[in-house]
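The following report describes the strands, helices, ligand surroundings and selected loop residues of one structure. Please keep the sequence and the coordinates at hand while reading.

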Amino acid sequence: MVVFTVVFGVVLGLCILGTALLRWNEVKYSKKGLPPGTMGWPLFGETTEFLKQGPSFMKKQRARYGVFFKSHILGCPTIVSMDPEINRYILMNEAKGLVPGYPQSMLDILGKCNIAAVHGSTHKNMRGALLSLISPSMIRHQLLPKIDEFMRSHTRSWENKVIDIQEKTKEMALLSALKQIGTESSSISQAFIPEFFKLVLGTFSLPINLPSTNYHQGLQARKNIVHMLRELIEEKRASLQTQNDMLGLLMNGEENKYRLSDEQIIDLIITILYSGYETVSTTSMMAVKYLHDHPKVLDELRKEHFAIRKRKNPEDPLDYNDYKSMLFTRAVIFETSRLATIVNGVLRKTTQEMKLNGYVIPKGWRIYVYTREINYDPCLYPEPLTFNPWRWLDKNLETQNNFFIFGGGTRQCPGKELGIAEISTFLHYYVTKYRWEEVGGKLVKFPRVESPNGLHIRVSAY
Ligand code: HEM
């Protein structure tokens, strides 16, 4: 009886304390003018529910509070916006104080000159420098030949093997980007890869700088990568040859009107590698998965690629006109990005108190421009859970206002065409050479699309 009374007392005490803490946190954030929503526990907010329940948490909150609500996730008071109109406004209005709001660990590791950390004229200049490297003309003359050569050899020896397609597409995205940047003549590729993987992991971790943390290792990896890139810059400066790769073009201060400092060049190179890495690799892996599960789509895709091969000799590379003719491939890539939702949304933060959608948003709050649900809107995409690339051919969905797969506004993805060219070239060599069956591997869709133990497939000749 005594034990029961003590246990009952402790449980009751905890309940009262819990309710009081939750209430205290709600009162703390009950400033007039804020949108509806709940703030969860002091400090942790609703992070656990958000990470555990993912999209269902967002749907539940939307059902209770509408498409514009407040929460406290990932260490910061946050406004979640799911309304396409408001999202477009937020993405278009960086100059009014809606700047990128990525976590501190990400900014620390990617460097103070990385594109998400700079605003105004500096952002314009760095974005201009990047766009000059990946323009359609650069893709046609410089990048596509390199991508073609790389994809052809990367997919060469998969026959009669069980491979982890997640691992292969990750290697592919990174090595292909390193080739475009211009690391071929140096020996850095091998040392670079493990450091880059540590850097990526660090950007997703809590910013706790202790020797065993991923954040700490991410910072160390950044130091090593900066050192390797500095050496590469020195090497290239010492060489008298003209350098047509990305690094060489950025370094060419005389002719390059953007005139970036070495520090800016290094952070831009890290930005290019980082931004294209997971997006390109995960889309490629998921395309392989969906094609395996949808034989009719695979047949149609093969038709497109064999038609291209028919026009060529076996060893001829793909050229820009071939790439531009891959309309069904492009549709497969968009449908993969939509259905798998590789990007759930983008983050912004307020630099001053402001009115948004009739509410007052305090300075320093994060805004989660959550675009995931738009991908499953049956008015835009009938039977939204069906993998149907043909829908992208019927209407021009790519140019409609609600297309957020590559973001929107002033920070819309500058690497869109480059990314699509890489995935299309990979698919070209993959589907014309191979058939495959799945051996196994579980897929997780939130917070990132990944296969925690790898996605294994058995590959044979087509
Ligand atoms: C399928 C592939 C890709 C997808 C789905 C994708 C998606 C996105 C999205 C949604 C954004 C907007 C971020 C924001 O507004 O905060 C973005 C920005 C960006 N992307 Fe991509 N991306 C892809 C490939 C690439 C590639 C290959 C590169 C390499 C150059 C790249 C470089 C960038 C950069 C530098 C930004 C930031 C732009 C800025 O802040 O002005 N992306 N991407």
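In the classification used here, Ala, Val, Leu, Ile, Met, Phe, Trp, Tyr, Cys and Pro count as nonpolar, Asp, Glu, Lys and Arg as charged, and the others, Gly among them, as polar. The model is predicted: local features need pLDDT of at least 70, side-chain atom pairs count only at pLDDT 80 or more, and totals for chains, interfaces and linings use all residues. Residues are numbered from 1 along each chain as its sequence is written.

**Surroundings of the ligand**

By class, the shell around the ligand comprises 15 nonpolar, 9 polar and 2 charged residues. Of the 26 residues around the ligand, Gly276, Gly407, Cys413, Gly415 and Gly419 come nearest; a residue is near a molecule or strand if its C-beta atom, placed from the backbone, lies within 6 Å of it. Helix H6 (120-133), helix H12 (262-293) and helix H17 (416-433) are the elements that give two or more residues to this shell. H12 supplies the largest share, with 7 residues. Helices (H or I, at least four residues) and strands (E, at least two) are DSSP runs, numbered from the N terminus.

**The five-stranded sheet**

An open sheet is formed by 5 strands in the order S1-S2-S8-S5-S3, with mixed pairing. Strand S1 (68-73) and strand S3 (98-100) stand at the edges with a single partner strand each, so one side of each is left without a neighbour in the sheet. From one strand to the next, the twist averages 35°. Two strands pair if DSSP finds at least two bridges between them. S3 and strand S5 (residues 345-350) are antiparallel and share 3 bridges; leucine 98 has threonine 350 in S5 as its bridge partner.

Helix H4 (residues 84-92) lies across S1, strand S2 (76-81), S3, S5 and strand S8 (366-370), and runs at about 125° to S8. Such angles run from 0 to 180 degrees between N-to-C directions, the axes being lines fitted to C-alpha atoms, for helices over the stretch in contact. Two residues are in contact if their C-beta atoms, placed from the backbone, lie within 7 Å.

**The three-stranded sheet**

A further open sheet has 3 strands in the order S4-S10-S9, and its pairing is antiparallel. S4 and S9 stand at the edges, each with a single partner strand, so one side of each is left without a neighbour in the sheet. Direction ignored, neighbouring strands of this sheet are turned by 35° against each other on average. H8 packs on the sheet and touches S4 and S10, its direction making about 65° with that of S4.

Strand S4 (residues 161-164) is joined to strand S10 (residues 456-461) by 4 bridges, and strand S9 (residues 434-440) pairs with S10 over 6 bridges. In S10, histidine 456 is the bridge partner of aspartate 164, and alanine 461 is that of tyrosine 434. Arginine 435 stands opposite serine 460 in S10. The loop between S9 and S10 contains proline 447, which is joined to phenylalanine 446 by a cis peptide bond with omega about 0°.

**The kinked helix H7**

Helix H7 (residues 136-154) has a kink of about 50° at leucine 143, shortly before proline 145. The bend at a residue is the angle between axes fitted to the seven residues ending there and the seven starting there. The buried residues of H7 include Leu143, Leu144 and Phe150. Its buried residues pack against helix H8 (165-181), helix H14 (320-324) and H17.

**Loop residues**

A residue is buried if 20 or more other C-beta atoms lie within 10 Å of its own, exposed if 12 or fewer, and partly exposed in between, with C-beta atoms placed from the backbone. The table covers two residues other than glycine with positive phi.

| Residue | Loop | Phi | C-beta neighbours inside 10 Å |
|---|---|---|---|
| Threonine 341 | between helix H15 (327-340) and S5 | near 45° | 20, buried |
| Asparagine 357 | between strand S6 (354-356) and strand S7 (359-361) | near 55° | 16, partly exposed |

Alanine 116 is placed in the loop between helix H5 (104-110) and H6. Alanine 116 counts as partly exposed because it has 19 C-beta neighbours inside 10 Å. Not counting residues up to four places away in sequence, alanine 116 touches Pro100, Tyr102 and Leu107. Alanine 116 and arginine 348 are 232 residues apart in sequence, and their C-alpha atoms are 9.9 Å apart in space.
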